[in-house]
Amino acid sequence: IARDDKSLYDRFRGRVIFPIQNLTGRIIGFGGRTLKTEKSVPKYVNSPESEIYHKSDVLYGLNHAKKAIADHDLCYLVEGYADVIAMHQAGVENVVSSSGTSLTTGQIKLISRFTKNVVILYDGDAAGIKASLRGTDMLLEEGLNVKVLLFPDGNDPDSYIREVGSTAFKDYIALHQEDFIFYKTNILLKDAKDDPIKRAEVIRDVVESIALIPDEIKVSVFIRQCSSLLDIEERILLSELNKIRINKAKASEKKINQQNNATG
């Protein structure tokens, strides 16, 4: 029950209810997926924050998926509850959902307890593409290896399984994963076309993502391969990378000084 002005109403009215469990399987909240198609209606609604339920620290399905994630050394990350259930029914158990919310550092730390390898599965539409770009930099910063997979014709995992069946679905996700850095580079280049200003922005955007990666060997590999994709010399990318890191270090130092001054 939720309060609207002075009246009470059912928070989950007109929705399919999914129990949300913590890592040990205890039910700590509920999620509701709308049955309506209107875009004005939120697709997902979760229980309000409480002493036991903090949605930024919970991944839907992790209590069931943790063993499979560790066994496969791989975690599939999807958007919704129905996607998790559909993939389990198709025989893919190493899958969790961010429960319709933006990915958080707490959720990423949960994944990293079981694997460093993540494949993000999103809807094959423009919104899905943008969502995958937004959420992934945080994964890179935490040192995870990130790949992205998009489904054709606006499908999500749930609808695609229903369309092609379990076997074809498993084949598709095995064959169509793409490393995030190269995926991001290609997507942004396609959007920039031959506009030199947009291409310069793409280069900067891609290098900013690479700069988040803590592993220097990976950084070196990405710089070399992105140099070819972006048709620009490695030394220029390295120069931009160093500039971004220096600016980030200065900003971090400034923030620490401000906090020290505030507490002093």
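Here is a question-and-answer chat about how the features of this predicted model get their labels.

Me: What should I keep in mind before we start?
Reply: This is a predicted model, where local features need pLDDT of at least 70, side-chain atom pairs count only at pLDDT 80 or more, and totals for chains, interfaces and linings use all residues. Residues are numbered from 1 along each chain as its sequence is written, and side-chain values use heavy atoms, with hydrogens and water left out.

Me: Why is F18 called buried?
Reply: Buried means under 20% relative accessible area, exposed means over 50%, and partly exposed is in between (1.4 Å probe, protein chains only). F18 has a relative accessible area of 9%, so it counts as buried. Y81 comes out at 0%, so Y81 is buried too.

Me: What makes F18 and Y81 a stacked pair?
Reply: Rings of Phe, Tyr and Trp (its six-membered ring) pair if their centres lie within 6.5 Å; planes under 30 degrees apart count as stacked, over 60 as edge-to-face and the rest as tilted. The F18 and Y81 rings are 4.9 Å centre to centre with 20° between the planes, so both conditions for a stacked pair are met. F18 sits in strand 3 (residues 15-21) and Y81 in helix 2, so this pair ties together parts 63 residues apart in sequence. Helices (H or I, at least four residues) and strands (E, at least two) are DSSP runs, numbered from the N terminus.

Me: Why is the pair of F151 and Y160 called tilted instead?
Reply: Their ring centres are 5.4 Å apart and their planes stand at 45°, so the pair is tilted. Both F151 and Y160 are buried. The structure holds eleven aromatic pairs, and F18, Y44, Y60 and Y81 form one aromatic cluster.

Me: What surrounds Y81 in helix 2, and what comes just after that helix?
Reply: Helix 2 covers residues 81-89, and its buried residues include Y81, A82, D83 and V84. Just after helix 2, G91 takes a positive phi of about 95°.

Me: How do you know that strand 6 pairs with strand 8?
Reply: Two strands pair if DSSP finds at least two bridges between them. Strand 6 (residues 75-78) and strand 8 (residues 117-122) have three bridges, in the parallel sense, so they pass. One of the contacts is Y76, whose bridge partner in strand 8 is V119. Strand 6 is also joined to strand 7 by three bridges, again running parallel, and V78 stands opposite S97 in strand 7.

Me: What makes the crossover from strand 6 to strand 7 right-handed?
Reply: The chain goes from strand 6 through helix 2 to strand 7, and this β-α-β crossover is right-handed. The label applies if, with the strands pointing away from the viewer, the path from the first strand over the helix to the second runs clockwise.

Me: Why are strands 7 and 10 called edge strands?
Reply: Five strands form an open sheet in the order 7-6-8-9-10, with mixed pairing. Strand 7 (95-97) and strand 10 (178-179) each pair on one side only.

Me: What makes D71 and K67 a salt bridge?
Reply: A salt bridge needs a side-chain nitrogen of Lys or Arg within 4 Å of a carboxyl oxygen of Asp or Glu. The closest N and O atoms of D71 and K67 are 2.8 Å apart, so the pair qualifies. The two are four residues apart in helix 1 (residues 62-72), separated by about one helical turn, and both are exposed. By this rule the count comes to ten salt bridges.

Me: How do you know that R204 and E240 form a salt bridge?
Reply: Their side chains meet at 3.5 Å, N to O, so they fall within the 4 Å limit. R204 is in helix 8 (residues 196-211) and E240 in helix 10, and they are 36 residues apart. R204 is partly exposed at 41% relative accessible area, whereas E240 is buried at 14%.

Me: Why is R235 called exposed but E233 partly exposed?
Reply: R235 has 57% relative accessibility, so it lands over the 50% line. E233 has 43%, so it falls in between. The side chains of E233 and R235 also meet in a salt bridge (2.6 Å, N to O).
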